[in-house]
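Thanks for coming. I have one structure to go through today, and I will take it piece by piece. Please have a look at it first.

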2 protein chains.
Amino acid sequence: MSRRALAGEALSTPIEPAPEATLMSTPTPREVRLVSRPVGWPTHADFEVVESCVPEVGDGQIRVRNTVMSVDPYMRGRMSAAKSYADPYVIGEAMTGGAVGVVEESRADGFAVGDHVLHGLGWREVAVLDAASARRVDAAAPDSAYLGVLGMTGLTAYAGLTRIAALQPGDVVFVSGAAGAVGSAVGQIAKALGASRVIGSAGSPEKVRHVVEDLGFDAAFDYKAAPVSGQLREAAPDGIDVYFDNVGGEHLEAAIGSLRLAGRIAVCGMISVYNDTEAAPGPRNLARLIQTRGCIRGFLVGDHYDLAGEYAKRAAGWLASGELQSRETFVDGIAHAVDAFLGVLRGENTGKMIVRL
Amino acid sequence: MSRRALAGEALSTPIEPAPEATLMSTPTPREVRLVSRPVGWPTHADFEVVESCVPEVGDGQIRVRNTVMSVDPYMRGRMSAAKSYADPYVIGEAMTGGAVGVVEESRADGFAVGDHVLHGLGWREVAVLDAASARRVDAAAPDSAYLGVLGMTGLTAYAGLTRIAALQPGDVVFVSGAAGAVGSAVGQIAKALGASRVIGSAGSPEKVRHVVEDLGFDAAFDYKAAPVSGQLREAAPDGIDVYFDNVGGEHLEAAIGSLRLAGRIAVCGMISVYNDTEAAPGPRNLARLIQTRGCIRGFLVGDHYDLAGEYAKRAAGWLASGELQSRETFVDGIAHAVDAFLGVLRGENTGKMIVRL
């Protein structure tokens with residue numbers, strides 16, 4: 001079975017085999033390793049793309065040829081040595097992350113060659129893993145969807161809105177990074193759940209147009225064009241009930257400044273500070289939380305997997321009705337995975353950034 | 001009935017009549033008015049102490065001779081023009097605030113001359129008010145207790161701990177302003193509710209000694225002696241589950257830095273910023289809320305009066321067992337009410353600051 005066929009519907013453009021592979025019928029699979037811990041912005045020198053040493057498939061294991069892999073802002077945290085919610089990546093080893101692929105060999109019950117599976121061994125072309133840590137997915141949807149709206153990305157938006165921000169019908173919702181993977185899901189899901197008004201911020205006029213015209217946001221603004229606080233006040237003159245934070249910094253201060261009584265802020269990410277080498281000052285207006293009885297709460301999607309079934313059902317309905325659209329930015333080939341990751345940190349993606357392998 | 005007798009148990013020291021009153025058998029009662037809105041730190045020039053024009057007692061009203069009145073940090077906010085949870089004080093009018101006094105005249109059912117009542121018309125020696133806005137209190141306890149541990153102060157501590165911070169037995173609790181009215185109640189109530197360790201910060205070695213030796217805190221430190229973050233880490237090497245914030249600023253950043261998984265921060269006040277003329281930068285480490293799944297929530301005791309009955313019962317038990325001690329700092333005479341208020345802002349009180357009238 002060719003690599004192209006394996007990739008299924010998601011791969012509309014054929015991938016050219018990498019040059020070094022042209023002489024081999026089965027090119028040796030490659031992986032991306034972290035070779036040094038970035039200080040500030042990561043560079044290509046912090047990574048290397050090398051041939052993998054793929055182990056034999058043991059009992060209960062499967063070998064998967066990955067078709068798509070995720071590059072996410074949270075991975076920046078794992079490149080640092082500090083222990084956080086996820087262990088730091090190990091220097092000299094392949095990194096990990098969400099991926100979907102096709103089973104090439106199975107020694108596990110319930111997994112057959114040709115099955116599409118979602119698992120955590122991204123950043124490599126071929127993975128051998130315990131079947132227990134993989135989930136079979138329906139090949140009717142493109143593999144990339146399971147890394148996006150049908151996967152962690154969508155669940156992050158849903159859990160943050162429903163459980164952390166306790167979204168109520170009629171709420172005014174603001175989300176930063178609105179053209180990004182999570183942000184675009186947040187805005188659409190908030191509307192589907194009955195928010196009266198959804199406002200987004202994004203980093204270019206094109207993205208602003210996209211979230212309003214394509215994704216149905218009620219308003220959006222370019223955060224690079226003018227101070228966030230003024231633009232937010234203009235877009236939400238009566239304030240906001242919910243802020244879904246993907247970026248921190250100036251956005252967070254502006255959101256606190258616009259918070260209504262009993263407003264809720266769900267902190268999903270703070271991409272604006274991930275590459276800081278010195279901690280930046282925080283919002284100057286936290287005392288507003290007292291008068292507004294406001295709440296700021298951080299969360300990780302990993303604590304909310306119990307919502308996955310409920311979300312999958314609702315997401316399928318919203319996808320069918322067109323209320324939830326899946327938009328992706330594709331980068332092809334593992335040799336460009338680091339470019340894709342750096343692009344996410346710079347906000348170059350619209351929707352979920354996907355590396356096609 | 002003399003003014004001295006009216007003050008009850010709480011008045012152990014006789015008050016000398018003010019000099020200008022010595023020639024009159026019934027001195028004209030006085031009040032404290034706000035004459036200008038403070039910019040930065042308030043000064044005496046922002047206030048005046050003048051004779052009141054006490055109205056006739058109407059139907060359903062009572063006239064109360066106040067024995068004690070409250071001066072609280074939150075009043076600083078009401079001296080500014082900005083609309084907040086409480087209306088700004090009106091320039092040229094007497095300020096308001098918690099007070100307890102004795103009914104001198106009643107035209108309201110259920111209120112008799114001699115009853116002790118808690119009400120909201122402090123900052124004056126005599127108040128005429130609708131009986132519906134007053135609450136009779138048991139004269140067995142000193143009047144001042146109803147402004148402190150048996151009143152809003154105690155309820156603030158209780159609601160913040162139980163409802164906002166969702167205190168669990170075994171939690172490690174940190175409270176700033178630990179020698180203050182609310183802070184000292186927080187530490188003692190947290191212990192009574194089963195906290196495994198209670199740590200306080202205060203502004204002098206004497207206060208630090210007081211909260212540990214007299215109030216039973218497990219540890220305390222002088223926040224003026226060294227950076228808060230290091231002292232907190234030393235006092236709570238494994239981190240904290242709950243931070244009860246009375247001061248904001250450096251304390252808040254330190255608490256976020258020490259927050260354990262699922263830690264909760266109840267923001268009651270941020271006295272460190274109330275007199276700022278320029279907003280100070282906030283905590284630089286808010287991104288820690290993500291990995292800790294931490295929560296910062298502001299609150300006002302006024303939303304939690306439904307807990308008052310439950311609290312009163314428990315507080316009576318804790319007072320009887322000695323688990324909850326009421327400590328007060330007294331200032332005598334309405335002429336010194338502004339001094340008392342400024343003293344609270346400077347942290348000169350140990351326990352609740354009470355103005356005896």
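How many bridges join strand E11 of chain A to strand E12 of chain A, and in which sense do the two strands run? Five bridges join them, and the strands run parallel. Before I go further: this is a predicted model. E11 covers residues 240–245 of chain A, and E12 covers residues 259–267. As a point of register, A:Val242 stands opposite A:Arg264 in E12(A). The connection goes through helix H7 of chain A, residues 249–257, and E11(A), H7 and E12(A) together make a right-handed β-α-β unit.

E12(A) also pairs with strand E13 of chain A, residues 295–298. That pairing is again in the parallel sense, over four bridges. Here A:Val267 is the residue facing A:Gly298 in E13(A).

Next, the domains. Chain A is divided into domain 1, made of 3–148 + 326–356, and domain 2, which is 152–303. Their C-alpha centres lie 29 Å apart. In the contact between them, domain 1 of chain A contributes 19 residues and domain 2 of chain A contributes 15 residues.

Now the two chains. Chain A superposes on chain B by a rotation of 180 degrees, with 0.0 Å of shift along the axis and an RMSD of 0.0 Å. That is the relation of a two-fold axis. Within chain A, the C-alpha nearest the axis belongs to A:Gly282, at 2.0 Å. Of the interface residues of chain A, 100% are also interface residues in chain B, so the copies meet through the same surface.

One residue to look at here is B:Arg284, in the loop between strand E12 and helix H8 of chain B. Sequence neighbours within four places aside, B:Arg284 is in contact with A:Ala279, A:Ala280, A:Pro281, A:Gly282 and B:Glu253. A:Gly282 is the residue I just gave for the axis. Is B:Arg284 buried, partly exposed or exposed? Its relative accessibility is 48%, so it counts as partly exposed, since exposed means over 50%. Its C-alpha is separated by 32 Å from that of B:Asp87, 197 residues apart along the chain.

Last, the core. In soluble globular proteins, nonpolar side chains tend to be buried together. The largest nonpolar core in this model has 50 residues. Those with the most contacts inside it are Ile199, Ile240 and Ile296, each in chains A and B. Taking B:Ile199, and again leaving aside neighbours within four places, its contacts include B:Val172, B:Phe174, B:Phe217, B:Phe221 and B:Leu232.

Conventions:
Residues are numbered from 1 along each chain as its sequence is written. Chains are lettered from A and ligands numbered from 1 in the order in which they are written. This is a predicted model: local features need pLDDT of at least 70, side-chain atom pairs count only at pLDDT 80 or more; totals for chains, interfaces and linings use all residues. Side-chain values use heavy atoms; hydrogens and water are left out. Copies are superposed by least squares on the C-alpha atoms of residues with pLDDT of at least 70 in both. Contact means heavy atoms within 4.5 Å. A nonpolar core is a set of buried Ala, Val, Leu, Ile, Met, Phe, Trp, Tyr and Cys residues joined through side-chain atoms within 4.5 Å. Buried means under 20% relative accessible area, exposed over 50%, partly exposed in between (1.4 Å probe, protein chains only). Two strands pair if DSSP finds at least two bridges between them. A crossover is right-handed if, with the strands pointing away from the viewer, the path from the first strand over the helix to the second runs clockwise. Domain bounds come from an automatic or database domain assignment.
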